[in-house]
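Reader: I'd like to learn how to read helix packing and chain contacts in a model like this one. Can you walk me through it?

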Amino acid sequence: MDPFLTSRMVTDILSGLTNGVIYGMVALSLVLIWRSTGVLNFAQGAMPMFATYIGFALLSYHFSYWWCVIACVIAGVLIGGLTERLLVRPLYGKPEINPIVVMVGFLIVLEAVAAAIWSSFPRSLPGPFSSIHWQLAGKPFALSPFIVYEIATGLLVMIAVAVLFRFTKLGLQLRASAVAPEVSRLLGVRVGRMLTLGWMLSTVVGVITTILLSSNFFSGLTPQINDGIFAFGFIAAAVGGLESPVGAIVVGVLLGIVNQFVTDYVNQNAVIIIALALLVVSLMIRPSGVFTKPTERRV
Amino acid sequence: MKLSESRLRVPIAIVVAIVATVISLVSAASVREGVAISLAFDLAIACATALSLPDLKSRHPVVSRAAFTLLGLDVAIFITFFLNSSTNFNLATGAAMSIVLLGLSFLTGASGQISLGNGAFMGVGAFTMAIWANHHATTPIVLTLLIAVACGALVGLLLGLPATRLRGPYLAGMTLAFAVAFTFILSSFSSWTGGDSGLQLPTAAVAPRWLDGFFHAGTSPLTTTTLYITDVAIIVAGVAFFFMANLFASRTGRAMRLIRDNDVAAELVGISLPRARVVAFIVSSAYAALGGAMLTLIDNSVSPPTYSFALSVTILSLIVIGGIGTISGAVIGGIIYAFSTNVISWITNQTGLNPQGNFASQLNGIIFGGLLILTMLFAPLGIAGAARQLWHRVRSRTSG
């Protein structure tokens, strides 16, 4: 009927949006942890991957999709909280590379243990909605019920995080303990608890991303599912500015769309190369990110 | 008393050397073997004597480092003659890896930053080596190695320039993205890189004829070639080690350590932070490329799956366990790498795991990842740091 909606450009934009929402969420979860604890969490992909494996183990006991999702989120909360308490807390105030190395180690362990328990063969998760694309006047349209569910979930998560941080008392406490831990402590905020909560929150965002990814992509759930996604998420977060949640989301979504155009007009291999080039160029021009105001560093 | 002792050292060493020469010449099976063994002994004695002189280290640090390197090389090469081919091959890969680890150790020790992409930089060197050798077969190997190193340095400059200007984990993140992207870069240029199957070197490195004389008759040429390539790898690693030891101690090295410990103070005394960080990153990339090129030389071929993200992670684990920021840590890491496969298959056998099972195939990751976390939490300077601490404790106890 309307050839515009099935045109190549609209198809690319809509398909790109699907990936973009994923990248945006990964970038958001990275920024959440970076802002609150000053750690770039290299296990940000592996922790949710592990939680998703645990949650979807319930499938073999004939639980429904939604029960599995709830189990995944609970597992994510536990993993996020325990990680902060046991692995990250001893490292506050240590040189910057220590948490990086520990989280890389955690990434290796989680991926290896997941592969040891559940094997590295891809496991396809059921989707709650059909992923067969709609047809418009005999032509395939870029959206399917599942993709709409995916994009809607992504937007919902982002809005929920924004509302939490901006309009609730808890959000205010979270922000306060990230910006000025000492002052917050004096004012009666349980800073340690807030940091743990930040890690839990970020892992849950990651879990939702991983669930969407592993039922959407043809690849299914594998221990390495988030390795590549993490790279794109970091690129989005760094280009947008590691300090800026809005920047992370916006750049993540744009990056998804750009990638789709590159896939369509160049090839699949060029995607990450171009993304890397974008990162290099953007850091050259605007080191602290597109969405953050450059600040001076106090001595 | 002490003075005369140190004066006596040189004549004693000469006597010992003469005795060693005579014994090895008399007892060796052939003249050639006797000459080689006595040369090895004499060199070791000369280096050890030089190192034992009291003020060599403070007056001529470069000479002292050279003597130390020569002693290490001498002992290592002497040992390789008594090992079987597969152990030698492992040692050769370990030597190549220790070059890479030296670079990463310098980056962290010097600028406090870390790279998660050194596996990809290794790949740059490895593929440059193979591609150049396939297109220009007449270029001497040493020159090809240098070209590979230059390529690694160039890519390092390209990525390091933006990332090292920033505080924070940008370099780590960007190098991770590079490591993930590297496989795709290789397949994008498959007409050069040989696609999935990789590349073969046009001419294999073959041991020179004179080396055969050191073996009993009937030794297969393969054994000789493995020994030759192992010793070449060890020598290259030794040269890399020597340069790195000097760099660590040089003005640049000291300036960089100041940056790591207190970057504000470093800027105040006039060190340019971005420049020093970029230089450290370039050195680390160049060393990684040299290690990768050596690996191509050892394997005679290069294949893309070797240079996946997992390799970068392995490199990080090795240097952290060995001792990040130290030179000896790189050597320890290289030795761990050389024998890790053997040790892990030994563990698999001892515990009765199914070697084809899921758990056994992931044992590598579980052990390395676990050690990485434990090292960082409880002994951040790794084996080298722990050994140094122990040594100081023992010395302070014995001296007073």
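Author: Sure, and let's start with a term: a residue is buried if 20 or more other C-beta atoms lie within 10 Å of its own. Keep in mind that this is a predicted model.

Reader: Okay, so how many residues of helix H2 of chain A are buried?

Author: H2, residues 46-56 of chain A, is mostly covered, with 11 of its 11 residues buried. Among them are A:Met47, A:Phe50, A:Tyr53 and A:Phe56.

Reader: What scores does the model get, and where in chain B is confidence lowest and highest?

Author: The model has an ipTM of 0.88 and a pTM of 0.90. For chain B, the average pLDDT is 87, and 96% of the residues score at least 70. Within chain B, helix H1 (residues 2-27) has the lowest confidence, with a mean of 78, while helix H6 (residues 118-135) has the highest, at 94.

Reader: Now the packing. What do I look at when two helices pack?

Author: Two packed helices are described by the angle between their axes and the distance between the axes. Try helix H1 (residues 8-37) and helix H5 (residues 145-167) of chain A: their axes come within 9 Å and cross at roughly 30°. Angles under 35 degrees count as roughly parallel, so H1(A) is roughly parallel to H5(A). The crossing of this pair is left-handed.

Reader: Which residues make that contact?

Author: On the H1(A) side they include A:Leu17, A:Val21 and A:Leu28, and on the H5(A) side they include A:Ile147, A:Ile151 and A:Val161. By class, the contact of H1(A) with H5(A) has nine nonpolar, three polar and one charged residues.

Reader: And between the chains, how many residues does each one put into the contact?

Author: Chain B brings 42 residues and chain A brings 39. On the chain B side, H7, H8, H14 and H16 each supply at least two residues, and H8(B) gives the most, with 13. The chain B side divides into 30 nonpolar, 11 polar and one charged.

Reader: What does H8(B) pack with, and at what angle?

Author: Helix H11 (residues 270-285) of chain A packs with H8(B) at about 145°, the axes being 8 Å apart. This crossing is left-handed. Residues including A:Ile272, A:Leu276 and A:Leu283 in H11(A) meet a set in H8(B) that includes B:Met174, B:Phe178 and B:Phe184. The contact of H11(A) with H8(B) has 14 nonpolar residues, one polar and no charged.

Notes: Residues are numbered from 1 along each chain as its sequence is written. Chains are lettered from A and ligands numbered from 1 in the order in which they are written. This is a predicted model: local features need pLDDT of at least 70, side-chain atom pairs count only at pLDDT 80 or more; totals for chains, interfaces and linings use all residues. A residue is buried if 20 or more other C-beta atoms lie within 10 Å of its own, exposed if 12 or fewer, and partly exposed in between; C-beta atoms are placed from the backbone. Helices (H or I, at least four residues) and strands (E, at least two) are DSSP runs, numbered from the N terminus. pLDDT is the predictor's confidence in each residue, from 0 to 100. Axes are lines fitted to C-alpha atoms, for helices over the stretch in contact, and angles run from 0 to 180 degrees between N-to-C directions. Angles under 35 degrees count as roughly parallel, over 145 as roughly antiparallel, 65 to 115 as roughly perpendicular and the rest as oblique. A crossing is left-handed if the near helix is turned anticlockwise from the far one by less than a right angle, and right-handed if clockwise. Two residues are in contact if their C-beta atoms, placed from the backbone, lie within 7 Å. Ala, Val, Leu, Ile, Met, Phe, Trp, Tyr, Cys and Pro count as nonpolar, Asp, Glu, Lys and Arg as charged, and the others, Gly among them, as polar.
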